[in-house]
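I opened this notebook to record what I looked up in one structure. The entries follow the order in which I consulted the model.

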Amino acid sequence: MSLISSKKTAPDNQMPVSNKLKLGILFSGIILLAEFVGGLASNSLALLSDAGHVLTDVLALSLSYFALMQAKRPSNFKMTFGYHRIGVLVAILNSISLIGIAVFIFYESFQRFQSPPEINAWLVLPVALLGLATNLAVALILHSEQKENLNIKSAFWHAAGDALASVGVIISAVVVIYSGNYLADIIVSVIIGLIISLGGINIFRQGLRVILEASPKDINISQLATSVKNIPGVKDFHHIHIWSISPEIHALSAHVLIDDCPVSQADYIRQQIETSLREGFALNHITLQMECRVCRANDILCQLEIGRQSHSHKHH
């Protein structure tokens with residue numbers, strides 16, 4: 001069975017996500033060069049911090065594009081669930097890079113706080129304005145897709161965080177121009193670091209839940225089991241496993257206790273359960289084991305034991 005995301009296909013007149021990522025990589029590459037040169041020339045930590053973040057943007061967008069291409073590969077005998085989790089791994093790598101760059105910004109800010117250097121704010125301002133425009137464009141390009149794809153979401157937050165950083169750099173440049181207080185550049189750098197680190201931690205936690213096969217936060221297992229038990233013909237619903245193959249593809253496996261009946265009737269009950277789970281709980285990949293005798297252990301959750309090879313666990 002192929003794994004299909006619940007996300008609707010983009011209309012013919014809408015730009016494919018892969019092309020959006022390519023545009024993002026191009027725009028980010030341009031602003032990286034501009035901010036790096038401008039930061040060195042102006043001696044602005046805020047601008048160099050932003051350039052460092054844009055470097056992670058380029059890497060994040062490139063990895064996201066690679067992961068998107070991998071996710072399109074079909075399932076095979078070695079990868080029976082396909083390559084969807086490559087996107088999750090990429091999101092985790094992106095989140096770690098966000099946290100890493102934030103730590104570097106904090107360290108450099110502390111070093112400069114002890115002896116604030118002179119900054120050419122008139123050079124910082126136009127480069128920061130260019131950075132803001134470019135990063136806003138990248139964030140807008142990816143905004144619609146980031147709601148349903150953690151991989152794209154990590155790339156989106158790279159760009160959105162950098163747009164916020166550019167706003168901070170602009171403010172610090174204006175403050176330096178009108179007050180001559182170079183500490184503004186350092187303070188803005190710290191704020192940028194906080195924004196970046198919070199985004200990175202959030203994405204890391206989401207990716208880790210998928211890797212650990214935690215049940216999706218928005219699915220109440222007790223409520224789900226009760227709804228299935230209310231379907232005519234279902235006597236019990238137990239040994240439930242719910243996990244995410246990727247943030248947009250949720251899977252379930254479970255045992256269904258029914259009366260001893262013809263296969264056609266059992267198949268009808270199965271179809272009713274699958275329809276209910278897809279429509280009510282957004283589950284994409286469902287595997288049900290129909291049975292007419294009570295399991296030795298019929299708890300709502302399945303307690304896996306290492307080395308146990310009983311018949312009721314072989315299908316897992």
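Entry 1. Strand β1.
I began with Ile 245 and located this residue in strand β1. The model is a predicted one, and I read every value below with that in mind. I then asked whether Ile 245 is buried or exposed. Ile 245 counts as buried because its relative accessibility is 3%, and the cut-off for that class is under 20%. I also looked up a distant partner in sequence: Asn 284 is 39 residues away along the chain, and the two C-alpha atoms are separated by 9.8 Å.

I stayed in the strand, which spans residues 236-246, to inspect His 239. The phi angle of His 239 is near 50 degrees, a positive value in a residue that is not glycine. At 4% relative accessibility, His 239 is classed as buried.

Entry 2. Strand β2.
I moved on to Ile 249, which belongs to strand β2, residues 249-257. Its relative accessible area is 1%, so I noted Ile 249 as buried. Asn 284 appeared again here: its C-alpha atom is 5.9 Å from that of Ile 249, with the two positions 35 residues apart along the chain.

Entry 3. Helices α7 and α8.
Two packed helices are described by the angle between their axes and the distance between the axes. I therefore looked up both quantities, as that description requires. The axes of α7 (residues 221-229) and α8 (residues 263-281) come within 10 Å of each other and cross at roughly 145 degrees. I recorded the crossing of α7 past α8 as right-handed.

Which residues meet at this crossing? From α7 I listed Gln 223, Leu 224, Ser 227 and Val 228, and from α8 Ile 273, Leu 277 and Phe 281.

I then examined Gly 280, also in helix α8. Gly 280 has a relative accessible area of 52% and is therefore exposed, the cut-off for that class being over 50%. Ile 219 is 61 residues from Gly 280 in sequence, yet the C-alpha atoms of the two are 9.7 Å apart.

Entry 4. The loop before α7.
I checked Glu 213, which sits in the loop between α6 (183-211) and α7. Phi of Glu 213 is near 60 degrees; I noted this as a positive value in a residue other than glycine. Glu 213 is partly exposed, because its relative accessibility is 44%.

Entry 5. A nonpolar patch.
I searched the surface and found a nonpolar patch of about 420 Å². Leu 33, Phe 36, Val 37 and Leu 40 make this patch. I placed Leu 40 in helix α1, residues 17-42, and recorded Leu 40 as exposed because its relative accessibility is 54%.

Entry 6. The whole chain.
I closed with totals for the protein chain. Its secondary structure consists of nine helices and three strands. Read from the N terminus, I wrote the order of elements as α-α-α-α-α-α-α-β-β-α-β-α.

How many of the residues count as buried? The share is 47% of the 316 residues. The accessible surface is about 16500 Å², and carbon and sulfur atoms account for 63% of that area. I also looked up contact range: among contacts between residues at least 6 apart in sequence, 74% join residues at least 24 apart.

Terms used:
Residues are numbered from 1 along each chain as its sequence is written. This is a predicted model: local features need pLDDT of at least 70, side-chain atom pairs count only at pLDDT 80 or more; totals for chains, interfaces and linings use all residues. Side-chain values use heavy atoms; hydrogens and water are left out. Patches are made of residues with over 30% relative accessible area and no salt bridge: like charges are joined within 9 Å, nonpolar side chains (Val, Leu, Ile, Met, Phe, Trp, Tyr) within 5 Å. Accessible areas come from the Shrake-Rupley method with a 1.4 Å probe; for residues, only the protein chains shown count as cover. A salt bridge is a side-chain nitrogen of Lys or Arg within 4 Å of a carboxyl oxygen of Asp or Glu. Helices (H or I, at least four residues) and strands (E, at least two) are DSSP runs, numbered from the N terminus. Buried means under 20% relative accessible area, exposed over 50%, partly exposed in between (1.4 Å probe, protein chains only). Axes are lines fitted to C-alpha atoms, for helices over the stretch in contact, and angles run from 0 to 180 degrees between N-to-C directions. A crossing is left-handed if the near helix is turned anticlockwise from the far one by less than a right angle, and right-handed if clockwise. Contact means heavy atoms within 4.5 Å.
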